[in-house]
Structure formats: C-alpha cells, structure tokens
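Good morning, colleagues. Please take a moment to look at the chain on the screen before I begin.

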Amino acid sequence: MNSIILLSVLGLGNLFLGFRRSNRLLLPVMMLILGGVLTVNFLDWGSTQSFFNGMLTIDNFSVAFTGIVLLTALVLIPFSQKYVLDGEPNLAEYYSLLLFSLVGAIMLVSYNHLLMLFLGIEILSVAMYVLAGSDKRNLRSNEAALKYFLMGAFFTGILLFGVALVYGATGTFELSKISFAVQNPAPGFETLHPMLYIGMLLMFIGMGFKVSAAPFHFWTPDVYEGTPTFFTAFMSTIVKTAGFAAFLKLLVQAFPAANAQGIWLPTLTAMCVLTLLIGNVGAVAQTSAKRMLAYSSVSHAGYLLIALVAFNGQLEGASANGILFYSLAYSVATVAAFGVLKLVADARQREDYDGLNGLAKTNPLLAFSLTVAMLSLAGIPLTGGFFGKFFVFSAAVENGYIGLVVFAVVMSMVSIYYYLRPIIAMYMRDTDATTAEAVPVTTFQAGALLLLAALTVLLGVLPGLVAGAL
C-alpha cells in the first residue's frame, strides 16, 4: 500500500515540475522516485496486510510482482532521455501518466475483490490509451491510440459483463467467497450455475485481451508499431506482467475447484495453443523489427499461459514461481530489445531489419546488447529466457501436459529463426548510405544496456537468485 500511496502522491507532484522552463530535472527525479518506491516495496516482504476491508492484500506474491514492475520501469526510463534532450514540452505529463499506470499495475497484482481488479485494469489502461497517441503529429500513433482505446473499451465491457454474471450467480465480488460458491453449487444445480459458466468465460476473454492472448491479439501488432517505441516497451512488459499476475490470482483464488477447472481448462488450453502458433508464425512473416517484437510478445503470452494451464491451486507453487521468473527474464530482455530499437530508429529513421545492418561495426555495444536480448527471448542456455521456459515447462510436465510442452518446444525452435534475423543483420550485412553513421548513445543509456545484459546473463547463470521466491 505504501507503494501505491507514494506513486500517486509523487505522480501528482511530478506534474508541477512541468512548469519549469527546463525539463532536465525530470529524468533524475523519475529515477529517484522509482528507486525509492522499489526500496519501500521490499520492506513489506514477509508480512501480509489487508486494506479496504480485504479488497486489497499486500503479501509476498504482490511484493514480488510489484518489484518486477517497478524494476522494469526503472531500467526503461534511461531510454526516454531523447525527450529531455529535445525539450519535449509534455514530458512531465508523460512521466506522471507512467507513475499512475504503475498504481494500476500494483492493484492488479494485489486485488482480492473483482472491483479492485476492474479499477486496476482501468487505471493502467487509460494511461496507456493516452501514451499510445502521444506522438500527435504521427498518423500511426493516432491510429494506434484509437484502435487501442476502442478495442480496450469493448473488451472492458465484456470483462464487466462477466463480472456482473459471476456476481449474479454467487452474490459476491470477493475471490474467496466466489471460490466457496463454486465449490458449493446452488440448490437445484448439480454442476455450476449457467450464469457463472458464461461469466467465467467472458472474464477470461477480457483478461485474454489485456495480455495479448490469441484470438484476442489482433490489436497488438498495429498498436505496438504505431505507439512511440519507449511506451511500446512499457506496454509490452509491465502491462503483460501485471496482467498475468492478475490472471493467476483469478484462477487460484476464485476458480480453483475441480468443477470450475472442467470449464476453463479446455478454454485456456485452446488459447495457449492458438497464441503460440499465431505469435510465432506471425513473427516469421514480418519485415519490421518492431512488428516482429509485437508478435514475439504474443508468443510469450502463450508460454505464460502454459503456466496458468498447469497451475496447482496455490500462489506459492511451481506455476506462480514460473510466471514470476519468466516475467522478470522476459521484461529485462524486452526492454533491452526495444531500447536498442528506439536508439537505432531515432538515428536512422528505420524500424526494419535493414536498419540494423552493420550495427556491430558502428555500435558494438548496441549490437551486443540486442544479441543478448534476442538469445534470451529465444530461450538459449546461459540466458534468463532459457530458465524462464524451463520452469514453465517443468510445471506443465509435472501436471501431465507433456503434449502441450512438446508443441511449445517446437514453437520455440521456430522462434529461433526470427530472433536470429536481427543478429544476422547486425553482424553479417554491410552498412549503406542510411546506416553508415554511428548511432548516438549517451553514457546513461550505455550503462542501462550493460546492466540489462548483465541481468540477463545473471538470471541464466544463477537462476536460484529468483527461482522459488514465492
């Protein structure tokens, strides 16, 4: 709760810094805010606190996922330095919106009540709608914001309709009481009430949209491509991490009973297979590195869905730990990938693979950082991505989903193709007139890239630092 209060108050305070003539103070202040809130967050480790009559609970689960969200934001902020150097007049507003969206993300990983779930989603989403269209002079950014807003509002309505039906069938919004109602069907019903059955499916559809799971992923490539790259990185990491933590809590605390699993398990399994297939096959066909990363984000939603399918009914089990580790490894690698892509696109005005040609010669650090990120996303050993997939697959195998794991491994082999394409462009292709100049990189940004690469390798060499934390 301290994290939510600090982010809300400091987000409001940050707006007043926008009245200064110079915005050079904004970036260091943002780093201090995120670093301070991250420190305060871990002070709650080992304790359980409830707020608003149990609607919000701060425990090790919420502290761990809040830590990932805040750490991701902290290592992402250096890549906004160009806004500072260019004198972006709305930078204070952008930073405050990011802080407010983090409040929504923390609510998503801490809720015990469906109204808190809805509030968290809306606080997070509304900020993202605005930031997606922040480049007002760019038609692609305007298109991205409009698509994201319209489809987001539509799927929020579906989610709310599902919540209403669940409430109508159980008479409560509290997850624990919903679980009790599911395990004790109403008189006259040997199985679940039809209203509850439909409500569960509608809620899963709404949550599937938020985490870019197929077949509710169609907005993802266009929105990711049109949104300014800095905010795309935020959207593809923090929103996904918070969304999957919320999805896991919904399954574990509201619908863990065997009679409920008989309904949602086939649905989630089908979504998982479809997401893996569409995400990986779609990424293969892309010529834009940014759109490839968008489809890559869809495919990683599929791997995380495997952990949801294989959950063991506890927030401290193998599935929860798998999602925690995978989210951290994925977020670190994705921030590095989008960070390099943003620096290259700002300098070369290109987001396709050819824009990366010869980067190893002009900017060895950028090429090295992107290579480590691509290898981690592909799940190559000695990177965090390898153990992320290992823990998720292990949880699935333990629960008998061997066929699903085999399919996921095949899709991982497919992903190696499109993750190697940027590496080939950087190291094996020559520069041309548009790529001959070195990409400007500040010391601050170089340090962030080195830190991200070190974290990726550290997670691949010493996974025990995070694995089993829950």
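I shall go from the overall fold to the salt bridges, then to a surface patch, and finally to two individual residues.

Let me say at the outset that this is a predicted model, and that the values I quote are computed from it.

I begin with the chain as a whole. Its secondary structure consists of 19 helices and two strands. Along the principal axes, the C-alpha atoms fill a box of roughly 75 × 50 × 40 Å. How does the radius of gyration stand against that of a compact globule, and what is the value for the chain? For 470 residues, a compact globule would be expected to have a radius near 23 Å, and the chain, at 21 Å, agrees with that. Of those 470 residues, 59% count as buried. The accessible surface amounts to about 17400 Å², and carbon and sulfur atoms account for 68% of that area. On contacts, if we consider residues at least 6 apart in sequence, 80% of the contacts join residues at least 24 apart.

I turn now to the salt bridges. A search of the whole structure finds 13 of them, and I shall discuss three.

In one of these, Glu 225 pairs with Arg 140, with the closest N and O atoms 3.5 Å apart. This pair links distant parts of the chain, since Glu 225 belongs to helix H10, residues 219-226, while Arg 140 belongs to helix H7, residues 139-170, and 85 residues separate the two. Are these partners buried or exposed? Glu 225 has a relative accessibility of 19% and therefore counts as buried, the limit being under 20%. Arg 140, with 34%, is partly exposed.

Helix H10 also contributes Asp 222, whose partner Arg 291 lies in helix H13, residues 289-309; these two residues are 69 apart along the chain, so the bridge again links distant parts. The N to O distance in this bridge is 3.0 Å. Asp 222 is partly exposed at 28% relative accessibility, whereas Arg 291 is buried at 17%.

Which residues are linked together in a network of salt bridges? The members are Arg 140, Glu 143, Lys 147, Asp 222, Glu 225, Lys 290, Arg 291 and Glu 351. Both of the pairs I have just described have their residues in this network.

The third bridge joins the side chains of Asp 430 and Lys 361, at 3.3 Å from N to O. Here Asp 430 sits in the loop between H18 and helix H19, the latter spanning 443-461, and Lys 361 sits in helix H15, residues 359-362; the pair links distant parts of the chain, 69 residues apart. Asp 430 is exposed, with a relative accessibility of 58%, and Lys 361 is exposed as well, with 61%.

Next, the surface patch. Phe 368, Ile 416, Leu 420, Ile 424, Tyr 427, Met 428 and Leu 450 form a nonpolar patch on the surface, and together they present about 650 Å² of accessible area. Which helix supplies the largest share of this patch? Helix H18, residues 402-428, does so, with five residues. One of the patch residues in H18 is Ile 416. Why does Ile 416 count as partly exposed? Its relative accessibility is 31%, which falls between the limits of 20% and 50%.

I close with two individual residues. Thr 275 lies in helix H12, residues 258-284, and is buried, with a relative accessible area of 0%. A polar atom of the Thr 275 side chain lies 2.6 Å from the backbone oxygen of Met 271. Leaving aside residues up to four places away in sequence, Thr 275 touches Ser 212, Ala 213, Ala 214, Val 298, Ser 299, Ala 301, Gly 302 and Leu 305.

The other residue is Asp 135, found in the loop between helix H6, 114-132, and H7. Asp 135 is partly exposed, at 33% relative accessible area. With the same exclusion of residues up to four places away, Asp 135 touches Ser 141, Asn 142 and Pro 228. Its C-alpha atom is separated by 22 Å from that of Tyr 295, a residue 160 places away along the chain.

Thank you for your attention.

How values were computed. Residues numbered from 1 in each chain as written. Predicted model: local features only at pLDDT ≥ 70, side-chain atom pairs only at ≥ 80, totals over all residues. Heavy atoms only, no water. Patch = residues over 30% accessible without salt bridge, like charges linked within 9 Å, V, L, I, M, F, W, Y side chains within 5 Å. Areas by Shrake-Rupley, 256 points an atom, 1.4 Å probe, with all protein chains shown as cover. Salt bridge = Lys/Arg side-chain N within 4 Å of Asp/Glu carboxyl O. Helix = DSSP H or I, 4+ residues; strand = E, 2+ residues; numbered from the N terminus. Buried < 20%, exposed > 50% of the residue type's maximum accessible area, 1.4 Å probe, protein only. Rg over C-alpha atoms; globule rule 2.2 N^0.38 Å. Contact = heavy atoms within 4.5 Å. Polar contact = N/O pair within 3.5 Å; in protein donor to acceptor, adjacent residues only side chain to side chain.
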